[in-house]
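Trainee: I would like to take a close look at the sheet of this protein. Could you please guide me through how its strands are arranged and what surrounds them?

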Amino acid sequence: MFRISRFSLRAVSEMALAQPRRQFHISMPILQYSDMIYVHFSVPHHKKSMKFEAKDGETLYDLTLREPDLSEHFECACGGIAACSTCHVYVEESFLNKVGEPEEFEKDMIDIAYAPKANSRLGCQIQLNKSLDGMVLTVPSGSKNHF
Ligand code: FES
């Protein structure tokens with residue numbers, strides 16, 4: 001029969017403690033998920049293109065509040081309540097369905113905006129979401145402020 005003396009048991013436990021600790025490295029794939037939405041602005045009359053990050057649920061009005069480069073070329077004079085038409089933009093054709101139809105009050109304001117087109121929208125009424133990532137908006141060469 002094999003017997004472990006108290007002394008040998010202590011020696012074994014000390015040896016175990018003296019061993020360097022093993023480190024386990026678990027490699028996991030890094031999930032790259034970004035909830036950021038990128039919106040491009042084209043300002044042809046100033047030969048300028050810009051790209052801005054936005055969050056889900058924001059409007060173009062929200063972007064103007066924190067992006068001075070944008071607010072230099074794109075105004076939201078009424079504060080985003082669809083009462084001025086200064087935020088009028090042309091939506092890239094391939095994104096029109098994703099942006100959705102404007103409400104009646106927005107259509108009325110678009111009708112009196114500067115140079116309205118079939119793809120016109122009020123930027124303050126476009127609620128951004130992931131499906132609009134990469135959308136290009138063109139800023140008309142003029143604007144009317146009805147506020
Ligand atoms: S900010 Fe005035 S209509 Fe959009």
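Mentor: The following account goes through the sheet, its hairpin, its other edge and the nonpolar core.

Please keep in mind that this is a predicted model. The mean pLDDT of the protein chain is 86, and 77% of its residues reach 70 or more. Among the elements, strand E3, residues 88–91, has the highest mean pLDDT, at 98, whereas helix H1, residues 6–18, has the lowest, at 61.

The sheet is open and consists of five strands in the order E2-E1-E5-E3-E4, with mixed pairing. Strands E2 and E4 stand at the edges; each has a single partner strand, so one side of each is left without a neighbour in the sheet. From one strand to the next, the twist averages 35 degrees. As a general point, strands of a sheet pair through backbone hydrogen bonds, and they may do so in a parallel or an antiparallel way.

Let us begin at the edge formed by E2. Strands E1 and E2 run antiparallel and are joined by eight bridges. One bridge pairs Val 43 with Lys 48 in E2. The hairpin of E1 and E2 has four residues between the strands. Lys 47 lies in this loop, between E1 (36–43) and E2 (48–55). Its phi is positive, about 50 degrees, although Lys 47 is not a glycine. Lys 47 is also exposed, because 7 other C-beta atoms lie within 10 Å, and a residue with 12 or fewer counts as exposed.

At the other edge, E4 pairs with E3 in the antiparallel sense over three bridges. Here Val 89 stands opposite Arg 121 in E4. The loop between helix H5 (104–111) and strand E4 (120–122) contains Ala 115. Ala 115 is another residue other than glycine with a positive phi, near 45 degrees. Ala 115 is exposed as well, with 12 other C-beta atoms within 10 Å.

We may now turn to the core. In soluble globular proteins, nonpolar side chains tend to be buried together. The largest nonpolar core in this model has 24 residues, and those that touch the most other members are Val 39, Phe 41, Leu 60, Cys 87, Cys 124, Leu 128 and Leu 137. Two or more residues of this core come from each of E1, helix H2 (60–66) and E3. Leu 60 offers a useful example: leaving aside its neighbours within four places in sequence, Leu 60 is in contact with Cys 87, Gly 123, Cys 124 and Ile 126.

Terms used
Residues are numbered from 1 along each chain as its sequence is written. This is a predicted model: local features need pLDDT of at least 70, side-chain atom pairs count only at pLDDT 80 or more; totals for chains, interfaces and linings use all residues. A residue is buried if 20 or more other C-beta atoms lie within 10 Å of its own, exposed if 12 or fewer, and partly exposed in between; C-beta atoms are placed from the backbone. Two strands pair if DSSP finds at least two bridges between them. pLDDT is the predictor's confidence in each residue, from 0 to 100. A nonpolar core is a set of buried Ala, Val, Leu, Ile, Met, Phe, Trp, Tyr and Cys residues joined through C-beta atoms within 7 Å. Two residues are in contact if their C-beta atoms, placed from the backbone, lie within 7 Å. Axes are lines fitted to C-alpha atoms, for helices over the stretch in contact, and angles run from 0 to 180 degrees between N-to-C directions.
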